[in-house]
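Reader: I'm in my first year and still learning to read these pictures. Could you take me slowly through one part, the inside of the protein, and show me what sits there?

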Amino acid sequence: QVQLVESGGGLVQAGGSLRLSCAASGRTFSSYCMGWFRQAPGKEREFVAAISWRGGRLYYPDSVKGRFTISRDNAKNMVYLQMNNLKPEDTAVYYCAADLKYGTSQYAYWGQGTQVTVSS
């Protein structure tokens, strides 16, 4: 099992940047593919980014491609989401997720989320 704790959310103006962090417990962090998701009020959860076990494969939806960057540090059991050129529509609770499979739509483990608010 793995436990995930997100941090780094906050309030930022449109055009600004934030870096989210996700700390993972356990000694087998490198066995997990990691993802970031977000959920805005009244909307379905949306996939934001994914990274493979050692970071060799990355995937983003068009809505964030070119603005968001996912990365990981297996030595520190950390995964990050660098968010640049933020827009008001990026406002949501952001969740870190982990799964043994890359490209899955059903991640097994989830964090509690961190709020990101982008003001116009």
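Author: Here is a walk through the core, then the cysteines, a buried arginine and some strands around them.

Quick housekeeping: this is a predicted model, where local features need pLDDT of at least 70 and side-chain atom pairs count only at pLDDT 80 or more, while totals for chains, interfaces and linings use all residues. Residues are numbered from 1 along each chain as its sequence is written, and side-chain values use heavy atoms, with hydrogens and water left out.

Let's start with the core. The largest nonpolar core has 29 residues. A nonpolar core here is a set of buried Ala, Val, Leu, Ile, Met, Phe, Trp, Tyr and Cys residues joined through side-chain atoms within 4.5 Å. Buried means under 20% relative accessible area, exposed over 50%, and partly exposed in between, using a 1.4 Å probe and protein chains only. M34, W36, V79, L81, M83 and Y94 have the most contacts inside this core. Strands that each supply at least two of its residues include β3 (18-24), β4 (33-39), β5 (46-51), β8 (78-83) and β9 (92-99). Strands are DSSP runs of E with at least two residues, numbered from the N terminus. As a rule, in soluble globular proteins, nonpolar side chains tend to be buried together.

Now click on Y94. Contact means heavy atoms within 4.5 Å. Leaving aside neighbours within four places in sequence, Y94 touches E6, L20, W36, F37, R38, V48, F68, L81, M83, G113, T114 and V116.

Next, the cysteines. There's one disulfide in the structure, meaning a pair of cysteine sulfur atoms within 2.5 Å. C22 and C96 make it, with their sulfurs 2.2 Å apart. The two ends come from distant parts of the chain: C22 is in strand β3 and C96 in strand β9, 74 residues apart. Both C22 and C96 are buried, and the link is left-handed, with -80° about the S-S bond. What about C33? C33 is buried too, at 0% relative accessibility, but its sulfur has no bond because the closest cysteine sulfur, in C96, is 12 Å away, which is too far.

Then there's R67, in the loop between β6 (58-59) and β7. R67 counts as buried because its relative accessible area is 9%. What does its side chain meet? The side chain of R67 makes a polar contact with the side chain of D90 at 2.7 Å, and a polar atom of the R67 side chain lies 3.0 Å from the backbone oxygen of S63. (A polar contact is a pair of N or O atoms within 3.5 Å; within protein, one must be able to donate a hydrogen and the other to accept it, and residues adjacent in sequence count only if both atoms are side-chain atoms.) Leaving aside neighbours within four places in sequence, the contacts of R67 include M83, one of the core residues with the most contacts.

Finally, follow the strands. β1, β3, β8 and β7 form an open sheet in that order, with antiparallel pairing. Two strands pair if DSSP finds at least two bridges between them. The edges are β1 (4-7) and β7, each pairing on one side only. Elsewhere, β4 and β5 pair antiparallel over five bridges, and W36 has A49 in β5 as its bridge partner. These two strands form a hairpin with six residues between them, and G42 in the turn has a positive phi of about 80°.

How values were computed:
Helix = DSSP H or I, 4+ residues; strand = E, 2+ residues; numbered from the N terminus.
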